[in-house]
Amino acid sequence: MEIKLFKPAEDRTRETLVFLCAGADGLEKLCPTAAKSAKAFKKESGELAVSQRFEDDKVLRRWFVYVEDANYDTVESALENIIVKAREEKLNALSLVLSLGFENLSEGIYKKLFLANNNFNNYKKMGLSAENKPVPQAEKIEISVLLHEGYDLDAENKKAGKNQAIASGISLARWLVNEPANVMTPVRLAEEAKKAGEKAGFDVKIYDEKQIQEMHLDAFYAVAKGSDNPPRFIVMEYKNNPDSDKLLALVGKGLCYDSGGYAIKPGPSMNTMFCDMGGAAAVVGAMYTIASLKLPVNVVSVVAACENMVSGHAYRNGDIISSHAGKFIEVVNTDAEGRLTLADAISYAASEINADAIIDIATLTGAALIALGDEITGLVSDDEELAEKLSEQSKKCGDKLWRLPHFESLAKLNKSERADIKNSGGRPAGTATAALFCRAFAHGKRWAHLDIAGTAYSEKGSSKAPYGATGVGSELLARTAKAFFEE
C-alpha cells in the first residue's frame with residue numbers, strides 16, 4: 001500500500017480521490033478547493049458525498065466524508081462506507097486523503113484498508129445460473145493513502161507495516177473459521193498451523209490421537225473419540241526474549257464441529273458450528289502476527305482440535321471422566337464440551353509448559369451472546385493486572401471487552417455430588433461459571449478467559465467485518481502478549 005504526503009497540484013489527476021477529514025472544517029485545512037465542492041452536499045458526519053467530472057476522457061471522482069467525533073468506531077464506519085461505495089462502482093483503485101486529526105487512529109485505518117479485500121468467496125463460482133456460467137468475481141481494490149503534510153511520513157509507514165502483519169493474522173484467522181467443517185478438520189487445522197509457523201517463523205508440534213492418550217489428555221479425548229475424524233493436539237512456540245524468564249500461554253478452543261453430542265443441538269443451531277474453533281483460529285492468527293513482527297516475547301499457544309459428534313464411541317450425559325490435571329469431571333451436558341477440551345489444554349500449559357500466565361479464548365457460551373450482543377467479548381479473570389492489560393489493548397484494536405464477575409459463589413455452581421467438578425453450572429451466570437470451570441484446571445497460575453461466542457462470527461456483516469468470521473482476538477492477543485513483556 002502506497003503512503004505518501006498529499007500534494008494537491010500533483011495528485012489532482014488521480015482518478016478517484018476520497019477525502020476523509022476529522023471535523024467539518026478538516027477538509028478546509030487539507031484542500032480548500034475540495035472543501036468548496038463538498039459544502040454543497042450538506043452531509044452528516046460519516047456520510048459519503050460523491051461527485052465526479054470528466055477531464056481528458058477520464059472520469060475524475062471526488063468523494064468526501066468527515067467524522068465529527070473521531071474514534072475507532074466512527075472512523076471504521078466511515079471507511080466501510082467508502083469501501084462499499086467503491087465496490088458498487090466496481091473500482092479497482094482509489095486514493096484516500098487523510099486530514100490531520102487521525103494521528104492516534106491511523107493504525108486502525110491502515111488495518112481496515114489492508115482488510116478491504118478480505119472476503120470469503122471460495123465456493124461462489126456459478127451462483128444460481130442454470131447455464132452454469134461463472135459468476136463475476138469482485139476485483140481487488142488497490143488503495144493508496146495520501147497524508148496531510150503535518151504527518152510524520154516515516155512514522156506512518158512504520159505503522160502501516162506493523163498493521164499489515166496484524167491484518168495478515170486476522171485474515172488467516174478468518175479463513176480458518178470460514179472453511180466448512182468437511183474441509184477444516186482437526187488434521188487440516190493442524191496442517192495449516194504448521195504452514196503458518198513455517199511462513200512466519202514459529203515452531204509447531206502436532207500430537208496424534210495415540211499420543212493424546214499417552215499424554216493423559218483424557219477430558220479432551222473423551223470429547224474427541226466420538227468422531228471418525230481424529231483429533232490433534234497442537235503446540236505452537238515462539239521465544240524471542242532471552243532477557244526474560246517469563247512465559248505466556250495462549251489457549252484456543254478448537255472444536256472444528258460441534259453437534260452437541262448426545263445433548264444434540266437443534267438443526268438450525270448447528271448451521272454455523274464450523275465456527276466453534278474461532279478461539280483456535282485466533283491464537284494461530286496471533287502467533288502469525290507475533291512472529292511476523294518479531295516481537296520480543298516468549299509465547300506458547302495450545303489448541304486441542306477435535307469434533308463433538310454422536311456415535312457408539314461418544315461420551316454421554318452422566319459419564320464421569322478423568323482429566324490431565326487429575327480431577328474427575330461429571331458430564332451433565334455433552335454440549336458443554338469446549339470447556340472439557342480447554343481443561344486439558346490449560347492444564348498442559350500450566351504444568352507441562354509451566355507458563356507464568358494463561359489466556360484462553362473460546363466460543364464457549366450462548367450466554368455471552370445473550371448478555372453482551374455480537375460486538376462485545378466477555379472477559380473473566382481473577383488477575384487484575386492481566387485483566388487490565390487485555391482491557392487496555394482492546395481499546396487499541398477495536399475488540400470491545402466487558403468484564404464479568406468471578407465470585408467464588410459462582411465457582412461453587414460447578415460443584416458435583418458425584419465427582420470433583422461438573423461440566424456445567426446450569427443456565428444462571430452461564431458465561432462466568434463456564435470460565436470458572438476452566439480456571440479450575442489452571443493450577444493456580446495467572447489466568448484470564450475470553451468468551452467470543454457472540455463476536456467470532458457475523459451472519460450479517462458490519463463495519464467490523466464482512467459476513468462470516470471476524471478474526472476477533474487475533475490482534476488483541478498479539479498486542480497483549482507484547483504488553484505482557486513490557487511489565
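The following paragraphs describe the overall fold of the chain and then a handful of individual residues.

The model is a predicted one, and its single-residue features are best read with that in mind. In terms of secondary structure, the chain contains 17 helices and 19 strands. For a chain of 487 residues, a compact globule would be expected to have a radius of gyration near 23 Å, and the 24 Å found here agrees with that expectation. The C-alpha trace extends over about 80 × 60 × 40 Å along its principal axes. Of the 487 residues, 55% are buried. Contacts in the chain also reach across the sequence: when pairs at least 6 residues apart are considered, 76% of the contacts join residues at least 24 apart.

Turning to the surface, the chain exposes about 21300 Å², and 49% of this area is supplied by carbon and sulfur atoms. Charge is carried by 59 positive and 68 negative groups, and the mean positions of the two sets lie 2 Å apart.

The cysteines come next. The structure holds zero disulfides. For cysteine 275, the closest cysteine sulfur belongs to cysteine 256 and lies 12 Å away, which is too far for a bond, given that a disulfide requires sulfur atoms within 2.5 Å. Cysteine 397 is likewise in no disulfide, as its nearest cysteine sulfur, that of cysteine 275, is 20 Å away. Both residues are shielded from solvent by the accessibility criterion: cysteine 275 counts as buried because its relative accessibility is 8%, under the 20% cut-off, and cysteine 397 counts as buried at 2%.

Two polar residues in helices offer a closer look at the interior. Glutamine 393 sits in helix H14, which covers residues 384-397. With a relative accessible area of 7%, glutamine 393 is buried. Beyond residues up to four places away in sequence, the partners touched by glutamine 393 are Leu476, Arg479, Thr480 and Ala483. Threonine 341, in turn, belongs to helix H12, spanning residues 338-352. Its relative accessibility is 1%, so threonine 341 counts as buried. Once neighbours within four places in sequence are set aside, threonine 341 is in contact with Phe220, Val223, Leu255, Ala304 and Cys306.

Finally, two loop residues deserve a mention for their backbone geometry. Asparagine 132 has a positive phi of about 55° although it is not a glycine. This asparagine 132 lies in the loop that links helix H5 (106-114) to strand E6 (142-147). Asparagine 132 is exposed, because its relative accessible area of 51% is over the 50% cut-off. Lysine 294 also shows a positive phi, of about 50°, without being a glycine. The loop holding lysine 294 runs between helix H11 (278-292) and strand E10 (298-308). At 59% relative accessibility, lysine 294 counts as exposed.

Definitions and conventions
Residues are numbered from 1 along each chain as its sequence is written. This is a predicted model: local features need pLDDT of at least 70, side-chain atom pairs count only at pLDDT 80 or more; totals for chains, interfaces and linings use all residues. Side-chain values use heavy atoms; hydrogens and water are left out. Helices (H or I, at least four residues) and strands (E, at least two) are DSSP runs, numbered from the N terminus. The radius of gyration is taken over C-alpha atoms; the globule rule is 2.2 Å times the number of residues to the power 0.38. Buried means under 20% relative accessible area, exposed over 50%, partly exposed in between (1.4 Å probe, protein chains only). Contact means heavy atoms within 4.5 Å. Accessible areas come from the Shrake-Rupley method with a 1.4 Å probe; for residues, only the protein chains shown count as cover. Lys and Arg count as positive and Asp and Glu as negative; His and the chain ends are not counted. The place of a charge is taken as NZ of Lys, CZ of Arg, CG of Asp or CD of Glu.
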